[in-house]
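I opened this entry to look up the pockets of the structure, asking where open space is left and what lines it.

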Amino acid sequence: MNKALLFVGAFNPPTTAHIQCAEFAMKALKCEHVIFVPSKSRYITSEQGKDMAFDDNARLAMLEKLAKTRYWMHVSDYEILAPQQPRTYETLQEMKRRGYACRLLMGSDKLVELENGWLYVEEIVKEFGIAVMGRNSDDCQAMIENNPYLKNLSYNIRIIETPKEYHSISSTALRQALQRIRQDITFLDKALPEELHYLYSIEDRTNEK
C-alpha cells in the first residue's frame, strides 16, 4: 500500500499554506503522497456556515492544476461525487480500499472540534491515526494535554511543527482579498479610459520587468 496523508476540507480556495504545509508534513512522516479531498459546496455553506463556496468543479480543478506539477499530490473527487457528504471515517475507509495506507492530516484549529463536531473519532485514531499541523502559534501539545478527551487519544496523534510563515494564511482571508481585488478592478475599469487599462494589467506589468 502507498503510505499517504489524507487531507480533507473545503479548499475554498486552496492556499500556499495548504500545499506547503501538507508537503512538509508528508516529508516529516516519511509518506509518499498527500491525498486532497475537497468537500461538497453545499456542505461548506449549509453545514460549515461559510459565507460562500467556489463550486465543486472549480475547487476540484484548482487542486488538479496544482497537482500537475507536484508528483506527491493526489486529488480525489470521492466526496464531491458521493450522493451525500461522506464522514471523514468513510473517506479514510474508501482510500484504504483504493490501496492507500492513510493517516488523517488536519490543522490544529480542528483539534477542538473533534470531541463534539465529528463522528467516529475513536475509530479514526485507532485504525488510521491523525497528524496535526500547528496553526496561528497554537501549542498543540498543550491543547492535547489539557483536554481529557484528546489526551485519551494522544497515543496515535502526531504533531507536526510546520513553518510559521504559513500559520496565518487562511482561505477566508484569501477570499476576502480576492473580493477586494474584484472591487478594485471594477472601479479601475470604470474610472480609467480603456486606453489606459494597461496601467493595471498583469500581463503588461510582466512584460515591463
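I began with the largest pocket of this predicted model, and I noted that about 1000 Å³ of space lies in it.

Which elements give two or more residues to its lining? I listed strand S1 (2–9), helix H1 (16–28), helix H5 (88–97), strand S4 (100–107) and helix H10 (171–191). Of the elements, S4 gives the most to this lining, with four residues.

I then went down to the residues: the largest pocket is lined by 43 of them, and those that lie nearest its centre are Val8, Gly9, Ala10, Gln48 and Lys110. Sorting the lining of the largest pocket by residue class, I wrote down 18 nonpolar, 16 polar and nine charged residues.

Next I turned to the second largest pocket, for which I recorded a volume of about 190 Å³. Its lining is made by 13 residues, and I found Ala101, Cys102, Arg103, Glu127 and Phe128 to lie nearest its centre. Here the elements that give two or more residues to the lining are S1 and S4, and S4 gives the most, with four residues.

How do the residues of the lining of the second largest pocket divide into nonpolar, polar and charged? I entered eight nonpolar and five charged residues, with no polar ones.

Reading the two entries side by side, I noted that S4 gives the most to the lining of the largest pocket and also gives the most to the lining of the second largest pocket, while S1 is listed among the elements giving two or more residues to the largest and to the second largest.

Definitions and conventions:
Residues are numbered from 1 along each chain as its sequence is written. This is a predicted model: local features need pLDDT of at least 70, side-chain atom pairs count only at pLDDT 80 or more; totals for chains, interfaces and linings use all residues. Side-chain values use heavy atoms; hydrogens and water are left out. On a 1 Å grid over the protein atoms alone, a cavity is a set of points where a 1.4 Å probe fits but cannot get out, and a pocket is an open set with protein on both sides within 12 Å along at least five of seven lines; lining residues have an atom within 4 Å of a point. Grid points are joined across faces, edges and corners, and a volume is the space filled by probe spheres set on the points. Ala, Val, Leu, Ile, Met, Phe, Trp, Tyr, Cys and Pro count as nonpolar, Asp, Glu, Lys and Arg as charged, and the others, Gly among them, as polar.
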